[in-house]
Amino acid sequence: LYTQLLTVNKNQKRKRMGDLTPLRANNEEKLGLLNEAIQSFNGAALKFGKYYQELEQRVRELDIELKYKNQALEKNLKEKEEARDYLHSILESLSTGVIDVDLEGRITSFNHAAEEITGFTSERVIGKKFSRFFDLECFLNMGLDLKHMDRIKSTTQFETEIYGKEK
């Protein structure tokens, strides 16, 4: 009788709670899916960690490369500045007036002797059009041969030097 009552009680309990077998199977399936998702996430995290380390290494390599290139550029710039200063000091020490004009007709250099000869300061004329300050006629009186200047300017991309005729 006790065994029958126990069986009856178990059956009644199952009826009241419902059959738990499908719930257990459903939970096990969900746990399996969750476990797969966690393993997939961990695998992806490991890959991302590896990629991140590779990127960090590449950044370190690029930083070193950039450092050396910056040092080379700084050295090159310093050498160019020294050469420019050297050439500037040579131009300034000349007793001959030197006026450099680019192909667009702008004054790019105007030494101290040119200042004394013309009465203009370099600060006033540099970067401005040569024709704003000087008329080509004034140079004809100095013995300069300028008759080919228009042809030279229109046919070449290079700067030209013009020397006065010896008297």
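Q: Why is I90 called partly exposed, and not buried or exposed?
A: In this predicted model, I90 has a relative accessible area of 35%, and since buried means under 20% and exposed means over 50%, with partly exposed in between, I90 counts as partly exposed. The residue lies in helix α2, which covers residues 21–93.

Q: What makes I90 part of a nonpolar patch on the surface?
A: A residue of a patch needs over 30% relative accessible area, and nonpolar side chains are joined within 5 Å; I90, at 35%, is over that cut-off. Together with Y86, L87 and L94, I90 forms a nonpolar patch that has about 390 Å² of accessible area.

Q: Why is the contact of R84 and D85 called a salt bridge?
A: A salt bridge needs a side-chain nitrogen of Lys or Arg within 4 Å of a carboxyl oxygen of Asp or Glu, and the side chains of R84 and D85 meet at 3.3 Å, N to O, so the pair fits the definition. In general, side chains of opposite charge can pair when their charged atoms come close.

Q: How do you know whether R84 and D85 are buried, partly exposed or exposed?
A: R84 has 51% relative accessibility and therefore counts as exposed, because the cut-off for that word is over 50%. D85, with a relative accessible area of 42%, is partly exposed.

Q: What makes D102, E104 and R106 a network?
A: The side chains of R106 and D102 meet in a salt bridge of 3.5 Å, N to O, and the side chains of E104 and R106 meet in a salt bridge of 3.5 Å, N to O. Both distances are within the 4 Å limit, and R106 takes part in both bridges, so D102, E104 and R106 are linked in a network. The structure holds four salt bridges.

Q: Why is D102 called buried, while R106 and E104 are called partly exposed?
A: D102 is at 16% relative accessibility and counts as buried, because buried means under 20%. R106, with a relative accessible area of 34%, is partly exposed, and E104, at 42%, also counts as partly exposed.

Q: Which residues form the largest nonpolar core, and which elements supply at least two of them?
A: This core has eight residues, namely I107, F110, A114, F120, V125, F130, F133 and F134. The elements β2 (107–110) and α5 (130–133) each supply at least two residues of this core.

Q: How do you know that F120 and F134 are buried?
A: F120 has a relative accessible area of 17% and F134 is at 9% relative accessibility; because buried means under 20%, F120 is buried, and F134 counts as buried as well. Leaving aside neighbours within four places in sequence, F120 is in contact with F110, E115, V125, F133 and F134.

Q: Why is the aromatic pair of F120 and F133 described as edge-to-face?
A: A search of the whole structure finds four aromatic pairs. F120 and F133 form one that is 5.2 Å centre to centre, with 65 degrees between the planes; because rings pair within 6.5 Å and planes over 60 degrees apart count as edge-to-face, the description fits. F120 lies in the loop between α3 (112–118) and α4 (122–125) and F133 in helix α5, so the pair ties together parts that are 13 residues apart in sequence.

Q: What makes F120 and F134 an edge-to-face pair?
A: The rings of F120 and F134 lie 5.5 Å apart, centre to centre, with 90 degrees between the planes, and 90 degrees is over the cut-off of 60.

Definitions and conventions
Residues are numbered from 1 along each chain as its sequence is written. This is a predicted model: local features need pLDDT of at least 70, side-chain atom pairs count only at pLDDT 80 or more; totals for chains, interfaces and linings use all residues. Side-chain values use heavy atoms; hydrogens and water are left out. Patches are made of residues with over 30% relative accessible area and no salt bridge: like charges are joined within 9 Å, nonpolar side chains (Val, Leu, Ile, Met, Phe, Trp, Tyr) within 5 Å. Accessible areas come from the Shrake-Rupley method with a 1.4 Å probe; for residues, only the protein chains shown count as cover. Helices (H or I, at least four residues) and strands (E, at least two) are DSSP runs, numbered from the N terminus. Buried means under 20% relative accessible area, exposed over 50%, partly exposed in between (1.4 Å probe, protein chains only). A nonpolar core is a set of buried Ala, Val, Leu, Ile, Met, Phe, Trp, Tyr and Cys residues joined through side-chain atoms within 4.5 Å. Contact means heavy atoms within 4.5 Å. Rings of Phe, Tyr and Trp (its six-membered ring) pair if their centres lie within 6.5 Å; planes under 30 degrees apart count as stacked, over 60 as edge-to-face and the rest as tilted.
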